[in-house]
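Hello,

The structure we talked about is below. My notes on it follow.

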Amino acid sequence: MRVQLDATMCDGYGRCAEFAPDVFVLDDWGYGSPVAAGEVPPGSEDAARLAAAECPVKAILIHEARDAARTRG
Ligand code: SF4
C-alpha cells in the first residue's frame with residue numbers, strides 16, 4: 001500500500017501523523033508529509049486508511065497494494 005499527500009490541499013491540521021505516526025511526519029508548521037516515499041510499513045495499513053478518512057481536507061490518497069494489478073495478468 002502507498003499513500004500520497006497533496007501538499008497543495010494540506011492545511012496543517014496534523015491529524016495524519018496523530019493517527020498514523022509510522023506513515024506521516026509533520027514539519028515545524030504542522031504540515032504533513034509521507035515517510036518512506038509513501039510506502040506504508042506492514043501493519044500500518046489500517047492506520048493509514050484512518051488518517052486518510054480523518055484528514056479534514058481529504059488531502060490523502062490511498063493506493064492499495066500494487067500486487068492486485070500484477071496478479072491480474
Ligand atoms: S491531516 Fe490532512 S490537512 Fe492535516 S496535516 Fe495531514 S494531510 Fe495535512
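**Core, helix α2 and ligand**

Of the 13 residues in the largest nonpolar core, those touching the most other members are V3, C16, A20, V23, A48, A51 and I60. Such a core is a set of buried Ala, Val, Leu, Ile, Met, Phe, Trp, Tyr and Cys residues joined through C-beta atoms within 7 Å. Buried means that 20 or more other C-beta atoms lie within 10 Å of the residue's own, exposed that 12 or fewer do, and partly exposed is in between, with C-beta atoms placed from the backbone. β1 and α2 are the elements that give two or more residues to this core, and α2 gives the most, with 3. Helices (H or I, at least four residues) and strands (E, at least two) are DSSP runs, numbered from the N terminus.

The model is predicted: local features need pLDDT of at least 70 and side-chain atom pairs count only at pLDDT 80 or more, while totals for chains, interfaces and linings use all residues. Residues are numbered from 1 along each chain as its sequence is written.

In α2 (residues 45-54), A48, A51 and A52 are buried. They lie on the same side of α2 because they cover an arc of only 100° around the axis (taken from the directions from the helix axis to the C-beta atoms). D46 and A53, on the other side, are exposed.

I60 touches V3, L5, C16, A51, A52 and C55 (C-beta atoms within 7 Å, placed from the backbone), leaving out residues up to four places away in sequence.

Around the ligand there are 15 residues (C-beta atom, placed from the backbone, within 6 Å), and C10, Y13, C16, G32 and C55 come nearest.

Regards

Terms used
Two residues are in contact if their C-beta atoms, placed from the backbone, lie within 7 Å.
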